[in-house]
Amino acid sequence: MSSVFQPMAILLDDVLNPIVTRTKSYVRDTTDFINKINTIHCTNDNILLCTMDVASLYTSIPHDLGIDTVKRNIQELQLPTGVDSMLLQFLEWVLKKNYFVFENKYYEQSQGTSMGSNVAPAYANLFMARFEDEFVYTSTFWPSICTWLRYIDDLFFIWQDTEEKLQSFCEYLNTRLPTIKFTLEFDKTEIHFLDVKVEMDQKLKPWTTNPPIMAYKRPPNLRDRLVHAVQEPMKKQENRHVG
């Protein structure tokens, strides 16, 4: 059963999504990530391929900070008088009037957004874009980063410094906001991000015309093959002519 606030969430999503696509680190999907990663040229031979994940991002965004982030972005749209305040009221209702049942008891969600809400991805994206503006791009660690890309709460970046400094960077991020915590993975030769495997091409150098980073989709897992096996006969049956 849909929430009574779903129409409001859908409207908010329509307004916020175009803003999300203009954020600095935005990644739309796997194809977008591959296109971006295959154009990267790093100036340092000693690099690390890194990913970060924000633990339970949707339920970890403080209401006041999240709403203020949306407010800042909506104000830049210069909407007709009263529209921005109406949208913010809708957002407050969507966030603060979210209830759920656990073990026959009713609870009100006091932080974050429901993962099933239509506006949740855009809301989380804008919050993370603000986090990056305030704590990543302006930090003393930023010169050590070759590229920085994000798909909602999943981050990919290339580190051009020591492992010790990388760990310090992760610790720095984990102390910015009490509810926002990152987990870090890194490797010198390959790493997985979304459904992509990213590898260092050891035969290429950063100063050559071809990029030293390669990215390609991983082979489908067993579930993907089973789904394909089920769908394919159905498609053939649909395309069969009668007569």
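Is E92 buried, partly exposed or exposed? Select E92 to begin: at 30% relative accessibility, this residue counts as partly exposed. Bear in mind throughout that the structure is a predicted model.

**Helix 4**

Keep E92 selected and add K96. Their side chains meet in a salt bridge, with 3.6 Å from N to O. E92 and K96 are four residues apart in helix 4, so about one helical turn separates them. An α-helix has 3.6 residues a turn, so residues three or four places apart point the same way. K96 is partly exposed, with a relative accessible area of 29%.

Now select F90 and W93, also in helix 4 (residues 83-96) and three residues apart, again about one helical turn. The rings of F90 and W93 form a tilted aromatic pair, 6.1 Å centre to centre with 35 degrees between the planes. F90 is buried at 16% relative accessible area, because buried means under 20%. W93 is partly exposed at 32%.

Next, show the whole of helix 4. Its 14 residues reach 20 Å from the first C-alpha to the last, close to the 20 Å expected at 1.5 Å a residue. Colour L87, L88, F90, L91, V94 and L95, which are the buried residues of helix 4. These buried residues cover an arc of only 155 degrees around the axis, which puts them on the same side of helix 4.

**Helix 3**

Move to residues 63-75, which make up helix 3. Helix 3 has 13 residues and should span 18 Å at 1.5 Å a residue; its end C-alpha atoms are 18 Å apart, which agrees. Select H63, G66, I67, T69, V70, N73 and I74 to see the buried residues of helix 3. Turn the view to look down the axis: the buried residues of helix 3 fall within an arc of 155 degrees, so they line one face of the helix.

**From helix 3 to helix 5**

Stay on helix 3 and pick D68, then add R130. The side chains of D68 and R130 meet in a salt bridge of 2.8 Å, N to O. D68 lies in helix 3 and R130 in helix 5 (residues 120-135), so this salt bridge ties together parts that are 62 residues apart in sequence. D68 is partly exposed, with a relative accessible area of 28%, whereas R130 is buried at 14%. Add R72 and E134 to the selection; D68, R72, R130 and E134 are linked in a network of salt bridges.

For another salt bridge, select E190 and K197, whose side chains meet at 3.4 Å, N to O. E190 counts as partly exposed at 33% relative accessibility. The structure holds twelve salt bridges.

**Aromatic cluster**

A search of the whole structure finds 14 aromatic pairs. Select F141, W148, F157, W159, F169 and Y172, which ring pairs link into a cluster. Within this selection, zoom in on F157 and W159. Their rings form an edge-to-face pair, 6.5 Å centre to centre, with 80 degrees between the planes. F157 is buried at 0% relative accessible area, and W159 is buried at 0% as well.

**Surface patch**

Finish by showing the surface and selecting F100, F102 and Y107. F100, F102 and Y107 form a nonpolar patch on the surface, with about 300 Å² of accessible area together. F100 is found in strand 2 (residues 99-102) and counts as partly exposed, at 40% relative accessibility.

Note on methods. Residues are numbered from 1 along each chain as its sequence is written. This is a predicted model: local features need pLDDT of at least 70, side-chain atom pairs count only at pLDDT 80 or more; totals for chains, interfaces and linings use all residues. Side-chain values use heavy atoms; hydrogens and water are left out. Patches are made of residues with over 30% relative accessible area and no salt bridge: like charges are joined within 9 Å, nonpolar side chains (Val, Leu, Ile, Met, Phe, Trp, Tyr) within 5 Å. Accessible areas come from the Shrake-Rupley method with a 1.4 Å probe; for residues, only the protein chains shown count as cover. A salt bridge is a side-chain nitrogen of Lys or Arg within 4 Å of a carboxyl oxygen of Asp or Glu. Helices (H or I, at least four residues) and strands (E, at least two) are DSSP runs, numbered from the N terminus. Buried means under 20% relative accessible area, exposed over 50%, partly exposed in between (1.4 Å probe, protein chains only). Rings of Phe, Tyr and Trp (its six-membered ring) pair if their centres lie within 6.5 Å; planes under 30 degrees apart count as stacked, over 60 as edge-to-face and the rest as tilted. The expected span of a helix is 1.5 Å times one less than its number of residues. The arc is that of the directions from the helix axis to the C-beta atoms.
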